[in-house]
Structures are given as C-alpha cells and as structure tokens.
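Could you walk me through this structure, starting with how the chains meet and ending with a few individual residues? I would like to follow along on the model as I read.

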Number of protein chains: 2
Amino acid sequence: MKIIVVGASGILGQAVVKHLQALGHDIITASRNSGMERVDIRDDASVRALFARTGTVDAIVSTAGVVSFEPLSSMSTEQFMLGLQDKFLGQVRLALIGLAFVNAGGSITLTTGITGHQPIAAGVNATAVNLGLEGFVQAAALELPNRIRINAVSPNVLTEALPDFAPYFPGFGSVAGAEAARAYERSIAGIQTGQVFKVGY
Amino acid sequence: MKIIVVGASGILGQAVVKHLQALGHDIITASRNSGMERVDIRDDASVRALFARTGTVDAIVSTAGVVSFEPLSSMSTEQFMLGLQDKFLGQVRLALIGLAFVNAGGSITLTTGITGHQPIAAGVNATAVNLGLEGFVQAAALELPNRIRINAVSPNVLTEALPDFAPYFPGFGSVAGAEAARAYERSIAGIQTGQVFKVGY
C-alpha cells in the first residue's frame, strides 16, 4: 500500500514508519521540518499542496500535533486554543482535505492519547483535544464514502518519551513505540472503523 | 444563590432560568443580544468585562454555543473551526475566566448534547465539540480549587426545538426544556463533579 505518515519525524512517527516499512508498504514521510514532504497541518494551503504532490494514497496516518500542558488555574484561552488549532483541527484538516485523495477501501488513522481517558495534572487541554478527536473519528466513520475507514490510536505515554514526560505520568507505565505502531497496522489492514485503539493501558 | 446563566435567551436557557428562578435563586441573565448582561463568549475581553460587572457568583451556567451542521464530504476546515471557536472554546473561556469569580463551594455547568454520544447525519462537528467539552469538564474537575465543581449537561434534542431540528434526529424522541433544566439544578445543588448528566436519552 501507498501510505503517507504525517508527523513522521516524531518519536511515535518514526516507530510507525519503521513498522509499516518492515511490512513492505510504500511510505511517504511528511513533517513540518523534515522528511520526504514538508507540511504544516495548521494551514489548509499547505495540506492541499501536500496531497497535490503525493496524489492518491491507500492510507493517511497522522502522528502529528501538539497540545498545551498548563495547570487549569493559570491556563489562558490562547494556550487552550493551541491544542484546538494544532493537534485537534490539524488532524481533522488532514482528514477533511485528504479524504478526496484516499483510494476506495482505504483508511485514515489519527492519533489521540491516554490523557483522553486518564486525566493528568496540567493536562486539561490534552484530555479535551483527545476526546474531541475521538468524537470526530466516531462520527466521521459513519459518513465516509467509498468504504473508506477512519480510526484513532490512543497510546499510553511512549517508553521512548519517558525521559521528558515521566513526571507527568506517575504510575502509568508506558508503551514501546514499536508496540504502539502495531495499532496503526491494525487500523490500516483491518476492517474496523470509528474505533479508538487503546494501546498499552 | 447568585447564578449567572449565559445563553439565557435560547430555548434551553429560558427553561433553565425559569426553573432556577422558581427555586428562589437570584439569576443574572446574559446573552449576545439580550438579557440583563450582553456577552460574546468568543471574546476574552467581553467575558472579562461581564464578570467585572457581575462580581462573584455562586454558579456559572452556560447554555450557549453553536456548531456547524454540514455533511462530512462538504465540510470545510472553516466550518469545523466554527464549533471549536464558539460552543467549545466559548464555554471553556467562560470557565477559565469565570473561575476566579466563583465563590468557594460554587459550581460551573456547561452544555454539550446527545450528539456527543449518538452521532447524527451532518453532525461530525457537533459530536467532536461535545465530546471535547466533556473531556474538558472531566479533567478540569480534578484541578479546580476551593471545592468548586464543574459538570456538563448533555440533553437530548429539546421538544421545543423539534420544529427546526426533528429531521436531524429520527427516532431520537426529545426532552422538554423543563426536564433538561432539572439537570442544571442537580449540578448546582449536588455534590458531584466532573460528571456528564445525560437527560432524556
């Protein structure tokens, strides 16, 4: 399959690319500042230009997007908006614009995260963005044409990210990127749609 | 209690105001174009000015916010953004800014809706916004100071709104505004926090 991975340079994206390449798929890597293709998921024109260059694909995978980590009492609306603009609308934009470039029977896989279901300190933006995205996936699955499917992968904190994030996730354990990557394969090659694949929790 | 109801002029807001007034509470009504106070929930300065005028309250109730209804295949990112800016971030803004004006032991009650859990045609923005808001409520409840609580009310389509919305909700039944209003009383006077009160479904 021809698969585009947006956010390919991140810790999770690298693991997903490695896993999908090992399965023999033809992978197009895209990131903001590196990879085979450059894209800014906060910008319609950038996303349109990306798909104009790649042409149709069998699967869109997004491991892209950031949220704000800030205690509730000091969080500004601008900080909250960051997660809405980037991880939430950025991934929705990839789906809305990318849809026209997905072959019949193809798939779209977005990334949420454990904080959607297990809140952490300073994580109110993360919980809200992740659950909102899962709502998008659940509803969008029911309206997709041409047997195209859409799912979300919701991993625990990645083992490879613990050096930076361990203090935010006390007692959460973690999931290796390689294990999380299998959920993307499941979304791409399986028959399920509108699902949230929780991995490592 | 001194309670501000934002979105007081809407069908749901009117029912909530009537119910809370009948219980003897002191109600401040606020809406974009009517009521005792005018406020634009999409604007930080407008919300700050509102609370500067009202001073502290025992409860903030929001029945405000709109989303886009549009089929997935024709939805633009701008249309999707409308719901993020208005119903989602607008209500989050009321909570983030209003928090400093809620008395100890007080409450914040936001409004989501049945589409968060039961997707409808052309409702992908509604589902995403409602679930995102519920994520905000669930996470924010864990960080609120001074025994302040926060909940969401998720009503079925209102009986009074059926003339406009019945075609979108086939077989859903409906809930009377007066019945939905009781969930706001429950949020305000009860002890629960971080909850989603589903009403009429």
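Here is a short tour, from the interface to the core, the cavity and two residues of chain B. Please keep in mind that this is a predicted model.

Let's begin where the two chains meet. Chain A and chain B bury about 2800 Å² between them, and 78% of that area lies on carbon and sulfur atoms. On the chain A side, Leu72(A), Thr77(A) and Glu143(A) lose the most area to chain B, together accounting for 23% of what that side buries. As for the residues taking part, the contact draws 35 residues from chain A and 35 residues from chain B.

Next, look at the nonpolar interior. The largest nonpolar core is made up of 86 residues, and Phe136(A) and Phe136(B) have the most contacts inside it. If you centre your view on Phe136(B) and set aside neighbours within four places in sequence, you will find it in contact with residues of chain A, namely Leu72(A), Phe80(A), Val124(A) and Ala128(A). From chain B, Phe136(B) is in contact with Val92(B), Ala95(B), Leu96(B), Leu110(B) and Ile150(B).

Phe136(A) brings us to the cavity, since Phe136(A) is among the residues that line the largest one. The count comes to one cavity of 30 Å³ or more, and the largest cavity has a volume of about 40 Å³. Alongside Phe136(A), its lining includes Ala95(A), Leu96(A), Leu99(A), Ile108(A), Ala140(A), Leu144(A) and Ile150(A), together with Leu72(B) from the other chain. Helices α3 (77–98) and α4 (124–140) of chain A each supply at least two residues of this lining. By class, the lining has nine nonpolar residues, with no polar and no charged ones.

Finally, two residues of chain B are worth a visit. Is Ser107(B) buried or exposed? Ser107(B) sits in strand β5 of chain B, and its relative accessible area is 1%, so it counts as buried, the cut-off being under 20%. Beyond its neighbours within four places in sequence, Ser107(B) is in contact with Asp58(B), Ala59(B), Ile60(B), Val102(B), Ile148(B), Arg149(B), Ser187(B) and Ile188(B).

Phe101(B) lies in the loop between α3 (77–98) and β5 (102–111) of chain B. Phe101(B) counts as partly exposed because its relative accessibility is 25%, and partly exposed covers values between 20% and 50%. Leaving out residues up to four places away in sequence, Phe101(B) touches Phe51(B), Ala52(B), Gly55(B), Thr56(B) and Val57(B). The C-alpha atoms of Phe101(B) and Leu158(B) are 30 Å apart, with the two residues 57 residues apart along the chain.

Definitions and conventions:
Residues are numbered from 1 along each chain as its sequence is written. Chains are lettered from A and ligands numbered from 1 in the order in which they are written. This is a predicted model: local features need pLDDT of at least 70, side-chain atom pairs count only at pLDDT 80 or more; totals for chains, interfaces and linings use all residues. Side-chain values use heavy atoms; hydrogens and water are left out. A nonpolar core is a set of buried Ala, Val, Leu, Ile, Met, Phe, Trp, Tyr and Cys residues joined through side-chain atoms within 4.5 Å. Buried means under 20% relative accessible area, exposed over 50%, partly exposed in between (1.4 Å probe, protein chains only). Contact means heavy atoms within 4.5 Å. On a 1 Å grid over the protein atoms alone, a cavity is a set of points where a 1.4 Å probe fits but cannot get out, and a pocket is an open set with protein on both sides within 12 Å along at least five of seven lines; lining residues have an atom within 4 Å of a point. Grid points are joined across faces, edges and corners, and a volume is the space filled by probe spheres set on the points. Helices (H or I, at least four residues) and strands (E, at least two) are DSSP runs, numbered from the N terminus. Ala, Val, Leu, Ile, Met, Phe, Trp, Tyr, Cys and Pro count as nonpolar, Asp, Glu, Lys and Arg as charged, and the others, Gly among them, as polar. Buried area is the accessible area (1.4 Å probe) that two parts lose on being put together, summed over both.
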